[in-house]
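Reader: Could you walk me through this one at the residue level? I'd like a close look at one part, where the strands and helices meet, with the burial and contact numbers spelled out.

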Amino acid sequence: MNALAATNRNFKLAARLLGLDSKLEKSLLIPFREIKVECTIPKDDGSLASFVGFRVQHDNARGPMKGGIRYHPEVDPDEVNALAQLMTWKTAVANIPYGGAKGGIGCDPGDLSISELERLTRVFTQKIHDLIGIHIDVPAPDMGTGPQTMAWILDEYSKFHGHSPAVVTGKPIDLGGSLGRDAATGRGVLFAAEALLNEHGKTVSGQRFAIQGFGNVGSWAAQLIHEQGGKVVAVSDITGAIKNSKGIDVPSLLKHVKEHKGVTGFHGADAIDPQSVLVEDCDILIPAALGGVINRDNANDIKAKFIVEAANHPTDPEADENIQGFMWEEEKVNNVLKTYMTKGFKDVKEMCKTHNCDLRMGAFTLGVNRVARATVLRGWEA
């Protein structure tokens, strides 16, 4: 099942549990706006290369739309549509005043030079600048993009609209970025794991973790889990996978990855088949890469007691910065993040009790219900 079909299925199950009006259900499912643009750039060798960029703005009932921009060969309209919808429900679950959006360009950033990536980013920004903004849609980094990408978007957007540092989040600190932003998603994974384990009378310390994906999110999650006494026993990334049942030395692994651009070749663990990370013997499995990795073919083989999803829709159904530029201290950023994550988990659990459903459907019903209420309050009519 592709990403969009999976997300739509979960939404419709949530809508049924909530007893939503069928017309309201249809309205919430259809994106506010879908954008598709051609991005042609001169390459370093003088030839021209064309790419297709997307931005799907799903819903703005609870505030400006918000979501990442990814550079990846598999970016397509269905994936971007699904991710934009998920952002709508996620911001609502966290109870922050944003809607959902997502964007991307179908390209392999590894095949492009820094100057080519900059030209591509600026052309993409030129094509969508009048459809994004601090009160409309605020982009952020995602797979294949980062603070430098956001800096280019900020600069290009500002040429049209004046100095606008708040048009993107995830930008460099020197351009008004937030302290703690780099680690924020990985830290959120830690807080989610803590909240889940606390429900079962456990703590992170002593638990065995397997992490599929070792990019920004996975690597930060591993580092923070290690600092809390958790034992990371298996890790994978695009280069390969490694395992050490006694626990991987995460600081040494991070140093190795920085020097060698991947986990492959790390001497403190044994090389294993990347696919086997998902079914390694562990207490908590953290999928932190692409979606759809847990499916009907491997679900029964998963040994983890808990799954904490750090990727977007990793499990198939079948199986911030502010406008004024005021900067918080990193400790405050982390404390507020923990407060929102912990409260969000408690709210999800309440929905699970109300509707007698699992955590996934508890999260969907919570998010969909909040967006539906906001939509009706703003004057929606059947």
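Author: T7 sits in helix α1, which spans residues 3-18. This is a predicted model, so keep in mind that every number below is computed from predicted coordinates. With a relative accessibility of 1%, T7 counts as buried, because the cut-off for that label is under 20%. What does T7 touch, once residues up to four places away in sequence are left out? The list is A82, Q85, L86 and F364.

Now for the part you asked about, starting with strand β6, residues 208-212. β6 is mostly covered, with 4 of its 5 residues buried. Which strands does β6 pair with? One is β7, residues 231-237, which runs parallel to β6 and is joined to it by 5 bridges. Within that pairing, I211 has V235 of β7 as its bridge partner. To get from β6 to β7 the chain passes through helix α7, residues 216-227, and this β-α-β crossover is right-handed. The other pairing is with β10, residues 284-287, again in the parallel sense, over 4 bridges. There, A210 stands opposite L285 of β10. As background for reading the neighbours A210 and I211, a general rule helps. In a regular strand, side chains alternate between the two faces of the sheet.

Helix α6, residues 181-199, comes next, and L197 is one of its residues. L197 is buried, at 1% relative accessible area, so it falls under the 20% cut-off. Leaving out residues up to four places away in sequence, L197 touches K202, T203, V204, Q207, I284 and F306. I284 belongs to the residue range of β10, so a contact of L197 lands in the strand that pairs with β6. For a sense of scale, take L197 and K36: they are 161 residues apart in sequence, and their C-alpha atoms are 42 Å apart in space.

α6 also holds T185, and α7 holds N216. Those two come up together in the record: the UniProt annotation "binding site", from an unreviewed entry, covers T185 and N216. Although they are spread over 32 residues of sequence, they cluster in space, with a largest C-alpha distance of 8.3 Å. Are they buried or exposed? Neither label fits: T185 is partly exposed at 36% relative accessible area, and N216 is partly exposed too, at 35%. N216 also has a side-chain link to D182, a polar contact of 2.8 Å. D182 falls within the residue range of α6, so this contact runs between α7 and α6.

Last, the cysteines. How many disulfides does the structure hold? The count is 0. Take C39: the closest cysteine sulfur to its own is in C107, at 9.3 Å, and that is too far for a bond because a disulfide needs the two sulfurs within 2.5 Å. C39 is buried, with 0% relative accessible area. C282 is buried as well, at 1%.

Notes
Residues numbered from 1 in each chain as written. Predicted model: local features only at pLDDT ≥ 70, side-chain atom pairs only at ≥ 80, totals over all residues. Heavy atoms only, no water. Buried < 20%, exposed > 50% of the residue type's maximum accessible area, 1.4 Å probe, protein only. Helix = DSSP H or I, 4+ residues; strand = E, 2+ residues; numbered from the N terminus. Pairing = 2+ DSSP bridges. Right-handed = clockwise from strand over helix to strand, strands pointing away. Contact = heavy atoms within 4.5 Å. UniProt positions renumbered as here; feature names shortened; annotations may be inferred. Polar contact = N/O pair within 3.5 Å; in protein donor to acceptor, adjacent residues only side chain to side chain.
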